[in-house]
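This note is addressed to a colleague who has the sequence and the coordinates at hand. Its points may be read in any order.

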Amino acid sequence: MKLELQKYRVNNFFKASIIVIFCITVLACGIPIIESHENGLEFQTAAHFFTISSAIARGSFTVFAGVLIAKMVISEFKNRTVLVMFSYPVNRKKLIITKLLLIFLFTFVSMIVANLFVNGIFILLNSFFPLVVGLEVTMNDFFNELPRAMLFCFASAGASLVPLYFGMKKYSVPATIVASILVVCISCQSFGPDFSLASIWYIPVILAFVAFGLVVWTIRHINQIDLE
């Protein structure tokens with residue numbers, strides 16, 4: 001794993017993650033302001049806000065994970081640079097597992113940090129400059145929501161590996177990115193305070209199990225791939 005960290009300059013990933021988290025924060029804090037000017041439906045409860053902010057964070061980093069899969073796995077197979085990696089005195093399967101484990105951990109941690117930062121900033125701003133009139137959100141509310149948020153993030157990080165299967169079909173980077181967007185559409189859609197796929201815990205859990213099965217299938221067949 002250390003070799004992979006050095007190879008891909010993981011610091012660049014952290015920098016990109018910080019930019020994404022900043023954009024998510026602006027979006028999550030800006031939605032109530034935009035809706036208030038358009039007389040739209042604002043956040044009705046703290047739980048509603050946490051659901052929306054979590055969905056934005058999880059959706060953003062699911063696509064981010066798709067980009068990492070495309071860069072760290074799919075592109076190497078497509079450009080045949082993976083042959084250099086396979087020349088290492090290390091089992092092929094272990095190399096791929098290391099890459100996917102790195103992507104999973106990075107995605108999971110980024111989702112958690114995004115949830116903590118976005119919700120913390122919103123609660124702080126809303127306490128001084130009410131972004132949503134009549135809505136009181138406290139850190140106690142968030143800490144009560146945290147275990148649920150961590151479950152969603154863990155399952156979503158697992159589900160973010162689904163695009164690997166589709167990308168490996170023809171070593172297609174676009175297919176990988178599109179698959180990650182489809183995962184977001186399935187697991188992070190919100191149709192207002194009354195119904196939201198983003199609040200249904202078993203959707204990302206099911207996708208995570210699907211991803212696990214697809215990853216296992218891909219790894220089991222990795223030795224059969226002929227790149228010559």
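The numbered points below concern a predicted model and go from the overall fold to single residues.

1. Overall architecture. The protein contains nine helices and zero strands. In sequence order the pattern is accordingly written α-α-α-α-α-α-α-α-α. Of its 228 residues, 49% count as buried. The exposed surface comes to about 11,900 Å², and carbon and sulfur atoms supply 68% of that area.

2. Contact range. Among the contacts in the protein with a separation of 6 or more, 79% are accounted for by residues 24 or more positions apart. Several pairs discussed below can be inspected with this figure in mind.

3. Nonpolar core. How many residues does the largest nonpolar core have? The count is 56, and the residues with the most contacts inside this core are Val73, Phe77, Leu100, Leu161, Leu164 and Met168. At least two core residues are supplied by each of α2 (10-37), α3 (46-78), α5 (92-128), α6 (139-159), α7 (163-170) and α9 (202-220). Helix α3 provides the largest share, with 15 residues.

4. Packing of α7 on α9. The axes of these two helices come within 8 Å and cross at roughly 35°. On the α7 side, the contact is made by Leu164, Tyr165 and Met168; on the α9 side, the residues are Leu214, Val215, Trp217 and Thr218. By residue class, the contact of α7 with α9 divides into six nonpolar, one polar and no charged. Leu164 and Met168 deserve attention here, as both are also listed among the residues with the most contacts inside the largest nonpolar core.

5. Aromatic pairs. The count of aromatic pairs comes to 14. One of them joins phenylalanine 77 and tyrosine 171 in a stacked arrangement, with 5.5 Å centre to centre and 20° between the planes. The partners come from distant parts of the chain, 94 residues apart: phenylalanine 77 belongs to helix α3, whereas tyrosine 171 sits in the loop between α7 and α8. Elsewhere, ring pairs link Phe13, Phe14, Phe61, Phe64 and Phe106 into a cluster.

6. Burial and backbone of the stacked pair. Phenylalanine 77 has 1% relative accessibility and therefore counts as buried. For tyrosine 171 the relative accessible area is 19%, so this residue is buried as well, given that the class requires a value under 20%. Tyrosine 171 also merits a check of its backbone: its phi is positive, about 50°, although the residue is not a glycine.

7. Helix α8, serine 180. Is serine 180 buried or exposed? Its relative accessible area is 0%, so serine 180 is buried. This serine lies in helix α8 (residues 173-187). Setting aside residues up to four places away in sequence, serine 180 touches Thr62, Val63, Gly66 and Pro163.

8. Helix α8, isoleucine 177. Isoleucine 177 is also located in helix α8, but its relative accessible area is 23%, so this residue is partly exposed. Gly66, Val67 and Ala70 are the residues that isoleucine 177 touches, not counting those up to four places away in sequence. Gly66 is thus a contact of isoleucine 177 and is also listed for serine 180. The C-alpha atoms of isoleucine 177 and glycine 167 are separated by 8.3 Å, with the two positions 10 residues apart along the chain counted as their distance apart.

9. Helix α3, serine 53. Serine 53 is found in helix α3. With a relative accessible area of 3%, this serine is buried. Which residues are in contact with serine 53, leaving aside its neighbours within four places in sequence? They are Val118 and Asn119. The C-alpha atom of serine 53 is separated by 8.4 Å from that of threonine 25, 28 residues apart along the chain.

10. Helix α6, alanine 149. Alanine 149 belongs to helix α6 and is buried, its relative accessible area being 7%. Between the C-alpha atoms of alanine 149 and phenylalanine 50 the separation is 8.5 Å, although the two residues are 99 residues apart along the chain.

Note on methods: Residues numbered from 1 in each chain as written. Predicted model: local features only at pLDDT ≥ 70, side-chain atom pairs only at ≥ 80, totals over all residues. Heavy atoms only, no water. Core = buried A, V, L, I, M, F, W, Y, C linked by side-chain atoms within 4.5 Å. Buried < 20%, exposed > 50% of the residue type's maximum accessible area, 1.4 Å probe, protein only. Helix = DSSP H or I, 4+ residues; strand = E, 2+ residues; numbered from the N terminus. Contact = heavy atoms within 4.5 Å. Phe/Tyr/Trp six-rings, centres within 6.5 Å; stacked < 30°, edge-to-face > 60°. Axes fitted to C-alpha atoms, helices over the stretch in contact; angles between N-to-C directions. Nonpolar A, V, L, I, M, F, W, Y, C, P; charged D, E, K, R; others polar. Areas by Shrake-Rupley, 256 points an atom, 1.4 Å probe, with all protein chains shown as cover.
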